[in-house]
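Grab a coffee and open the viewer: here are some short exercises, each followed by a worked solution. Try every task on your own before reading on.

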Amino acid sequence: MIDFLKKIIARTIADKFGAEIPFDIMKAPAFTNCDYASNIASKLSEGEAEILRAELSRTPYFDEVRFQKPFVNFRVKMDFLKKFFLDAISDKKPENDKKEKILIEFISANPTGLLHIGHIRGGVLGDVLAKILKELGWNVIREYYVNDRGRQIKLLAESVIARSRGKKPPEDGYDSEIIGKIADEIKPGLDEKEIAKLAIGKILSEIKKDLELAKINFDSFFSESRLYETKKVDEVLKILRKKKSVFEKDGAIWLETEGCDEKDRVLVKKDGEPTYFLSDISYHAEKFKRADRLINIWGADHHGYVGRIKKSVALLGKNPDKLKVILYQLVRLKRGKEIVKMSKRGGSILLARDVLKEVGKDAARFFLLSRKADAQLDFDLELAKEKSQKNPVYYIQYVHARICSVFEKAKSKNIAMAERTELLSEAEREILKTVCEFDGILNLCAREFAPHHLVNYLLDLSKTFHNYYERNRIISEDKELSGERLFLIYGVRKIIKKSLGLLGISAPEKM
RNA sequence: GUCCUCAUAGCUCAAUGGAUAGAGCGCUGGCCUCCGGAGCCAGUGGUGCAGGUUCGAGUCCUGCUGAGGACACCA
């Protein structure tokens, strides 16, 4: 809708003034009694604005075009609104004509322990972002990068061995229930490498169970060791060594990071071992082979890596702007006012699976998605569990169930939906408009990589609907009006269901 | 110390640089002979501080204050 208005105005300006003037379209505030507004008039003289107004009035789209100081306000014709409404609720998908392929990598937690709620935040962000991008016609790959080699894997194996002998884990090692389980399972005679492999396999399969609980989907799991098996790391190192920002010092190979990081970073240690950093660079090179644009979703504690990984991507001849890193802030678990400790040393760790089992995936996903990524998130277990008006998840799902129930009723009374909007009132017009915004919201989420806009939109739509529903009977003696109202709420239900689907939250017909 | 993110109602949070800053919770008072009261309506109450850019700033820039995080030849 907004895009369409933009086109009309841009064309009119080009015709009348022979110029291109940048401008925006936004929703008009209620007091204007209009639907949309443009700030174009702030860039025109009053005379020009009047010419524009008169010209737009002659088009068949508006009931009214009004010039109000720095804005031009529009009230669109009902017919026109209906056309966009039908468009918004149609099942047609945009053509898959986007040439660029997007690889979105998220969670990528080390296979040294189970997931906690923070991982799930990154997980649902990535999962939903991927779904939204797909919905908009992008070709998307969802990938989990598995760090299955290096120091922490050695520590993992050592921890398992220590546990199996009833000893304490090594310093910086791992000690948890799952380590104990693995220790119980290992047969004597296995060497450290075999134990590591066994442990990784076991933990990864447990992580996949967590992902299933949260309904987070991946297209592939990419293992770090594959980068070594395929010599990708050697290849990348060879390219990097030719660059003047790569140098040797103290027996190690370094990347000079002037301007993008606080100090230079080691690529190959003096003992000849590549660092995780070199692995990461190689992994990005590998990803760029399979996709044109990369999205990484990292915890905010990784923000320091952004600069250096972008610099290395550039050194490999790729455009660093094609790599988008989304950082999400940490999650704090609460039970009412009490903060639940998540620290590994604290002992009582609440795992992701515990949270998911306690509150259910619908509530968990909803709360994790409801805040923008770069804000810290308080996750209240008590509130998420509450099956009452306090809990916004149910508020939205209730709209869906209510509408389903109205359609049941309509069916029993033999009242059919009519694809018309002629008898609808101002309040109903507002609902039509809100439904028409859906596409714009999806695009906003994609553009800003921020699914929380969709959550807010749903809350807004739900509020509008409940308000309307309490004041109006959908099904009445007037069959014509009932038919049109059914059409209206049919659209609302469609958008709610589609949105909840994108968020990975169920849309029950009965609650 | 250096760097990153955040700061909006009593609480948890919204607001592509736009007009009179929105929800929920809490609190006060109303609404079910009715298509689902897991709902609705009314009232209550807010942009941390100081400058700057702009026709217009919660939003952008600088400084300050406060909270969290990052600063390994770990990943």
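**Exercise 1. Is Asn391 buried, partly exposed or exposed? Work out its class, then describe its surroundings.**

Step 1. Keep in mind that this is a predicted model. Count the other C-beta atoms within 10 Å of Asn391: there are 18.

Step 2. Compare that count with the cut-offs: a buried residue has 20 or more, and an exposed one has 12 or fewer. Asn391 is therefore partly exposed.

Step 3. Now find Asn391 in the chain. It sits in the loop that runs between helix H14 (381–385) and helix H15 (392–412).

Step 4. Look for contacts, leaving aside neighbours within four places in sequence. Asn391 then touches Ala363, Leu383 and Glu386.

Step 5. Finally, check the distance to Phe367. From C-alpha to C-alpha, Asn391 and Phe367 are 9.8 Å apart in space, with 24 residues separating them in sequence.

**Exercise 2. Find the order of the strands in the sheet that contains S8, S9 and S10, and say which strands stand at its edges.**

Step 1. Begin with strand S8 (residues 246–249) and S9: they pair in the antiparallel sense over 4 bridges. Across this pairing, Phe247 stands opposite Trp254 in S9.

Step 2. Look at the link between these two strands. S8 and S9 form a hairpin with 2 residues between them, and Asp250 in the turn has a positive phi of about 50 degrees.

Step 3. Move to the other pairing of S9. With strand S10 (residues 265–268), S9 pairs in the antiparallel sense over 3 bridges. Here Trp254 stands opposite Val266 in S10, while Leu255 has Arg265 of S10 as its bridge partner.

Step 4. Put the pairings together. The 3 strands make an open, antiparallel sheet in the order S8-S9-S10. S8 and S10 each have a single partner strand, so they stand at the edges, and one side of each is left without a neighbour in the sheet. From one strand to the next, the twist averages 45 degrees.

Step 5. Sort the residues of strand S9 (residues 252–255) by face. Ile253 and Leu255 belong to the covered face, and Ala252 and Trp254 to the uncovered one.

**Exercise 3. Describe the sheet that contains S13, and name the helix that packs on it.**

Step 1. Read off the strand order: 3 strands form an open sheet as S14-S13-S15, with mixed pairing. Its edge strands, strand S14 (338–339) and strand S15 (377–380), each pair on one side only.

Step 2. Examine one pairing. Strand S13 (residues 331–335) and S15 run in the parallel sense over 4 bridges, and Arg332 has Asp378 in S15 as its bridge partner.

Step 3. Add the helix. Helix H4 (residues 117–135) packs on this sheet and touches S13 and S15, with its direction at about 120 degrees to that of S13.

**Exercise 4. How do H17 and H18 run relative to each other, and which residues meet between them?**

Step 1. Take the geometry. The axes of helix H17 (residues 438–448) and helix H18 (residues 452–471) come within 8 Å and cross at roughly 155 degrees.

Step 2. Classify the angle. Angles over 145 degrees count as roughly antiparallel, and H17 and H18 are therefore roughly antiparallel to each other.

Step 3. List the contact. Ile441, Leu444 and Cys445 in H17 meet His453, Leu454 and Tyr457 in H18. By class, these residues divide into 5 nonpolar, 1 polar and no charged.

**Exercise 5. Repeat the analysis for H9 and H10: what angle do they make, and which residues form the contact?**

Step 1. Helix H9 (residues 232–241) and helix H10 (residues 276–290) pack at an angle of about 95 degrees, and their axes are 9 Å apart. That makes H9 roughly perpendicular to H10.

Step 2. On the H9 side, the contact is made by Lys232, Val233, Val236 and Leu237. On the H10 side, Leu278, Ser279, Ile281, Ser282, Ala285 and Glu286 take part.

Step 3. Sorted by class, the contact of H9 with H10 has 6 nonpolar, 2 polar and 2 charged residues.

**Exercise 6. Sum up chain A as a whole: how many helices and strands does it have?**

Step 1. Chain A has 19 helices and 15 strands, and buried residues make up 36% of its 511 residues.

Step 2. The domain assignment gives domain 1 (2–76) and domain 2 (392–503). Their C-alpha centres lie 29 Å apart.

Definitions and conventions
Residues numbered from 1 in each chain as written. Chains lettered and ligands numbered in written order. Predicted model: local features only at pLDDT ≥ 70, side-chain atom pairs only at ≥ 80, totals over all residues. Axes fitted to C-alpha atoms, helices over the stretch in contact; angles between N-to-C directions. Parallel < 35°, antiparallel > 145°, perpendicular 65-115°, else oblique. Contact = placed C-beta atoms within 7 Å. Nonpolar A, V, L, I, M, F, W, Y, C, P; charged D, E, K, R; others polar. Pairing = 2+ DSSP bridges. Domains from an automatic or database assignment.
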